[in-house]
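Hi everyone, thanks for making the time this morning. Have a look at the sequence and the structure on the screen, and then I'll walk you through what I picked out.

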Amino acid sequence: MKKTAGNKLVVAVRVNPQIGQRLRLLADVTGRKQSFFLQQIIESGIAAIEATWLPPDVLSQVRSGLIPPRQEASPVISDLFDGH
């Protein structure tokens with residue numbers, strides 16, 4: 001990730017071709033950029049992802065507006081998306 005103008009981050013993400021096609025269709029039909037829809041998806045879904053993946057003490061800090069320092073990933077949490 002890198003910072004750009006306006007204090008926003010640029011994030012590169014790989015998606016499967018079907019998701020890419022759907023994203024391009026949204027952009028083409030609406031006249032908006034693909035990045036607009038990716039931002040909408042992230043902003044509307046991050047709370048659910050945080051609730052699933054963050055430990056309760058870290059989640060409560062995030063919910064209170066405090067972003068704790070980065071932690072190493074716990075080896076005991078399995079990836080929900082393995083094999084998909």
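Let me start with a question: which residues in α1 meet which residues in α2? Keep that in mind for a moment while we get our bearings. First of all, please remember that this is a predicted model.

The chain has 84 residues, and in them we find 3 helices and 2 strands. Reading from the N terminus, the order is β-β-α-α-α. Buried residues come to 11% of the chain. The accessible surface adds up to about 7,700 Å², and carbon and sulfur atoms contribute 58% of that. If you take the contacts with a separation of 6 or more, 17% of them are between residues 24 or more positions apart.

Now back to the helices. On the α1 side, the residues are Leu23, Arg24, Leu26, Ala27 and Thr30, and they meet Gln34, Phe37 and Leu38 of α2. By character, that contact splits into 5 nonpolar residues, 2 polar and 1 charged.

How are the two helices arranged? In general, a pair of packed helices is described by the angle between the axes and the distance between them. Here α1, residues 17-30, packs against α2, residues 34-53, at an angle of about 120 degrees, and the axes are 8 Å apart. The crossing of α1 past α2 is right-handed.

Let's stay with Phe37 for a minute, since Phe37 also belongs to the aromatic part of the story. The structure holds 1 aromatic pair. The partners are Phe36 and Phe37, in an edge-to-face arrangement, with 5.1 Å from centre to centre and 85 degrees between the planes.

So, is Phe37 buried or exposed? Phe37 counts as buried because its relative accessible area is 13%, and the cut-off for buried is under 20%. For Phe36 the relative accessible area is 29%, so Phe36 is partly exposed.

One last stop, back towards the strands. Val11 sits in the loop between β2, residues 9-10, and α1. Val11 counts as exposed because its relative accessibility is 52%, and the cut-off for exposed is over 50%. Where does that loop residue lie relative to Ser35? From C-alpha to C-alpha, Val11 and Ser35 are 9.9 Å apart, with their positions 24 residues apart in sequence.

That's my tour for today. Thanks for listening, and I'm happy to go back to any part of the picture.

Notes:
Residues are numbered from 1 along each chain as its sequence is written. This is a predicted model: local features need pLDDT of at least 70, side-chain atom pairs count only at pLDDT 80 or more; totals for chains, interfaces and linings use all residues. Side-chain values use heavy atoms; hydrogens and water are left out. Helices (H or I, at least four residues) and strands (E, at least two) are DSSP runs, numbered from the N terminus. Buried means under 20% relative accessible area, exposed over 50%, partly exposed in between (1.4 Å probe, protein chains only). Contact means heavy atoms within 4.5 Å. Accessible areas come from the Shrake-Rupley method with a 1.4 Å probe; for residues, only the protein chains shown count as cover. Axes are lines fitted to C-alpha atoms, for helices over the stretch in contact, and angles run from 0 to 180 degrees between N-to-C directions. A crossing is left-handed if the near helix is turned anticlockwise from the far one by less than a right angle, and right-handed if clockwise. Ala, Val, Leu, Ile, Met, Phe, Trp, Tyr, Cys and Pro count as nonpolar, Asp, Glu, Lys and Arg as charged, and the others, Gly among them, as polar. Rings of Phe, Tyr and Trp (its six-membered ring) pair if their centres lie within 6.5 Å; planes under 30 degrees apart count as stacked, over 60 as edge-to-face and the rest as tilted.
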